[in-house]
Amino acid sequence: MLKEKLLELREQAFEHISSADGLKALQEVHVRFLGKKGPITEVLKGMGKLSAEERPVIGQLANDVRKMIATKIEEKRTYLENKLLETKLESEKVDVTLPGRKSETGNHHLLGSIIREVEDLFIGLGFSIEEGPEVEQDYYNFEALNLPKDHPARDMQDSFYITDDLLMRTHTSPVQAHTLEKHKGVGPVKVICPGKVYRRDNDDATHSHQFMQIEGLYVDHNVRLSDLKGILTVFAKHMFGADREIRLRPSFFPFTEPSVEMDISCFRCGGHGCSVCKGTGWIEILGAGMVHPNVLRMSGFDPSEYTGFAFGMGPERIAMLKYGIEDIRNFYTDDIRFLKQFNRA
Ligand code: 2NL
């Protein structure tokens, strides 16, 4: 009786194992046939009622059946696990021969490129780069540059004040004033100062309350206007083409005397007159001059011993001229379609 029952259980278990279509179903088969409350455990529990001859025979068979079922379950488990792995490998297959996705590379901002180009040229001419804070004391931004309090020229550089004595710098000249001071009256001083500056202004296509400036300063024994002219000629040819000519017109800045405005011959028409140079053949590029003796004196240099030249330019203006950009706000609103057109070095 019990023997038949055990063999019958084995057949039933084999059928269930064979039809189990997943690991969960297989685990249920395991619990149902080999679990603590399963039929084989029941048989083993009832062994006490058997005769002494029957007991070892049935005991042996029950254990064999249990082992056979367990083995079958393990075999099926391995099979199911392998099948699962295969499906996973198949569905997650990667074709390494497919072309890769190109990641976008950025480029330097046009203003950064122009500034670097100017810096590189002047480094080659023996200048070094100096930078300074955008928040300045009134003294370094104005006084030290021969712009005393209530000087009318201050009106042209109305600014953003933080306190009565602190303001957002209106030009990079305070960096040069600091540099002169640090040299304690001993030349040469030969620096290029690029950076962001601020003026109280209403923004439009040609005005911005915040813009970039590059200034240069050379102080030494016997520095003359002809040295300035030579350096500016090299600069004009480097930035706008080897056949550029320059001309200097008299001008006024409080920190230089004499002061000049530099024009270059038009790079579009070569000087005949066109829309870029508005028919004049010349394009205004920057302001410059010989450092005012008061400026030298205030920063610790003896004007009877030292002279110097200085110049200042706007990289925005250079970029706008060079690339025909009509609105200065393009530089600051960071529209990627504008910026990526200038993928220069
Ligand atoms: C312009 C004119 C200029 C300077 C800047 C300068 C600096 C010191 C002493 C003397 Cl420390 N001068 N800077 C001189 C002349 C002109 O800038 O139109 N910039 C956009």
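**Exercise 1. Classify Arg329 by accessibility, then pair its side chain.**

Step 1. Arg329 has a relative accessible area of 36%. Buried means under 20%, exposed over 50%, and partly exposed in between (1.4 Å probe, protein chains only). Arg329 is therefore partly exposed.

Step 2. Its side chain meets that of Asp327 in a salt bridge, 2.8 Å from N to O. The term requires a side-chain nitrogen of Lys or Arg within 4 Å of a carboxyl oxygen of Asp or Glu.

Step 3. Asp327 is at 21% relative accessibility, so it counts as partly exposed.

This is a predicted model: local features need pLDDT of at least 70, side-chain atom pairs count only at pLDDT 80 or more, and totals for chains, interfaces and linings use all residues. Residues are numbered from 1 along each chain as its sequence is written, and side-chain values use heavy atoms, without hydrogens and water.

**Exercise 2. Describe the salt bridge of Glu143 and Lys149.**

Step 1. The N to O distance is 3.8 Å.

Step 2. Lys149 is exposed because its relative accessible area is 52%. Glu143, at 25%, is partly exposed.

Step 3. The whole structure holds 14 salt bridges.

**Exercise 3. Place Glu257 and list its contacts.**

Step 1. Glu257 lies in strand β7, residues 256-265. Strands (E, at least two residues) are DSSP runs, numbered from the N terminus.

Step 2. Its relative accessibility is 48%, so Glu257 counts as partly exposed.

Step 3. Beyond neighbours within four places in sequence, Glu257 contacts Met290 and His292. Contact means heavy atoms within 4.5 Å.

Step 4. An unreviewed UniProt entry places the feature "binding site" at Glu257. Such annotations may be inferred rather than shown by experiment; feature names are shortened, and positions follow the numbering used here.

Definitions and conventions. Helices (H or I, at least four residues) and strands (E, at least two) are DSSP runs, numbered from the N terminus.
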